[in-house]
Amino acid sequence: MSPTIDPHRAPVPYKRTVDRPRWTRYIVIGVLAMLAIWGMVVLYLLSAPQYVSKFAFVLPGKSGGAKVNLQSIGEASTSSASPFGTKGINPRVNYKEMLLSDTVIGTAAKDLEIDYADFGKPVIKLVDETAIIQVAVKGGSPSAAQDKSKALVDAFNERIAELRKDELKRREEGIAQALSVYQQRLDEAQQALIDHKQTSEYVSGRQYEELSMRLERIKENRVSALAERDQVSGYVAQLARNLGITPQLAASAFILNADQQFRDHLANYQTATTTLAVFRSKWGEGHPSVIKENAKQESTLKALQQRSFTLVGHSDMNTIKLISLNESGENAGLFQDLLMSFAKIEGLVGKIKQLDGAITQHGVSLKRFAEEAATLEELERNYEIAEAVYTSAVTQIDTSKADIFASYPLVQVLAAPSLPSKPASPNKVLAVVGGVMGSGMAFFGLFLLWKRKQLLQTILSKSGFGTL
């Protein structure tokens, strides 16, 4: 009969002979773990001391600007906006990457005449809500750490200066390319203006205004001359009435009196008339001298009448008598005024004709200048625009040299590289605490391995899955 199993028998843990010496294995593992942990602690404590030199940069946030205004030409301006004014772009991050770049570290290592690997990577921290960049550099001695920090600061500033210089150079090259186009446009506008002035009488914008003003003055002078002529004509008419002659007769007298040949004939006639009167008073009408002088008077009178007819179209003796009043008599002064007034009228008439001709000429010139003025104004405006654009571009090249903080904001050393007084590593307290914590974790792990079967059996029994 086969044996039976009592279902009420308490479970007995399964044991094998090979499990009895397990503790020896755990002791070995524990010893090895302790040796590894405390060996690393000892190696850390025996490592070469490392000193940390710290410094800090700050980025001022105030923006600056400059503006150049050239009167009647144009203006150019330059400005440096706040480095923190653009969302999504933080210059501190750019400077952090620059400090960690191989170029900056390699330059600093070269300045110290050490290898790149011996310089090491600096530790950089960006302080939140500030514009400060904190940098820490390790070295084998206090002076070595400080020298590395100073070399890193110099290399960083040198790199920023190179980048700014390269940016300005590229910016100037771009402006210079555009400047050549502006120069060509300026030359073309200037040449077009010169060609127009060489082929046109209208060469200045003031010419049209001056011509218009001159035309107005000529018209005013013509009105004054007409008024003066009418005034003198009225005076002549009054004198003619005072002398008892018509204005036409007075005009004839003026013309005849102005003729020298007529004046000679009149002088001869007057002389013959006077001589004849003397001879008649002495000898009578039949005397040969009287007859001879009478014939001379008649011939002189005919010459006088013939000249009068030639000049004024008639030989009215009243005209001759009127002229004779100029020599003597109570009306001699009135006749003199009459002649002077007629002369003045003739001068005014000539003046009015000249003014009429000038008005006509200026009117034609004004119409022609109106078209040329529009062309000249357009050419001058094109030249001024081209000159303003060119001058502004030239000024921008100069002002852009002052705008060196546009892409790479100003950075200042807030805290100079420090000279550490004690090493930052190895840290004995930290090493002991780390060793103790590592040892505790190792012992706790070994304990879990030691009790793992009992723990698993308890868990399975409570969950109804049986026993191991």
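Here are a few notes on spots worth finding in this predicted model.

1. **Two helices that cross.** Start with helix H2 (residues 91-99) and helix H5 (residues 142-199), which pack at an angle of about 115 degrees. Their axes are 10 Å apart, and the crossing of H2 and H5 is right-handed.

2. **Who touches whom at that crossing?** Which residues of H2 meet H5? On the H2 side, look for Tyr95, Met98 and Leu99. Their partners in H5 are Leu152, Phe156, Arg159, Ile160, Leu163 and Arg164. Try showing these side chains together, with the rest of the chain hidden.

3. **A proline tucked away.** Now jump along the chain to Pro409, in the loop between helix H11 (332-402) and strand E6 (412-415). Is Pro409 buried or exposed? Its relative accessible area is 7%, so Pro409 counts as buried, the cut-off for that label being under 20%.

4. **Far along the chain, but how far in space?** Pick Pro409 and Arg92, which sit 317 residues apart along the chain. Their C-alpha atoms are separated by 9.6 Å. Arg92 falls within the residue range of helix H2, 91-99, so you have already met its helix in the first point.

5. **A nonpolar patch on the surface.** Trp23, Ile27, Val28, Val31, Leu32, Leu35 and Trp450 make a nonpolar surface patch of about 700 Å². Where does the largest share come from? Helix H1 (residues 22-46) supplies it, with 6 residues.

6. **One member of the patch.** Take Ile27, which is found in helix H1 and belongs to the nonpolar patch. Its relative accessibility is 47%, so Ile27 is called partly exposed; a residue has to be over 50% to count as exposed.

7. **An unusual backbone angle at Glu113.** Most residues other than glycine have a negative phi. Glu113 has a positive one, near 60 degrees. You'll find Glu113 in the loop between helix H3 (102-112) and helix H4 (116-119). With a relative accessible area of 72%, Glu113 is exposed.

8. **And again at Glu129.** Phi of Glu129 is also positive, near 60 degrees. This residue lies in a loop too, between strand E4 (123-126) and strand E5 (132-139). Is Glu129 buried or exposed? Its relative accessible area is 81%, so Glu129 counts as exposed.

Technical notes:
Residues numbered from 1 in each chain as written. Predicted model: local features only at pLDDT ≥ 70, side-chain atom pairs only at ≥ 80, totals over all residues. Heavy atoms only, no water. Helix = DSSP H or I, 4+ residues; strand = E, 2+ residues; numbered from the N terminus. Buried < 20%, exposed > 50% of the residue type's maximum accessible area, 1.4 Å probe, protein only. Patch = residues over 30% accessible without salt bridge, like charges linked within 9 Å, V, L, I, M, F, W, Y side chains within 5 Å. Areas by Shrake-Rupley, 256 points an atom, 1.4 Å probe, with all protein chains shown as cover. Salt bridge = Lys/Arg side-chain N within 4 Å of Asp/Glu carboxyl O. Axes fitted to C-alpha atoms, helices over the stretch in contact; angles between N-to-C directions. Left-handed = near helix turned anticlockwise from the far one by under 90°. Contact = heavy atoms within 4.5 Å.
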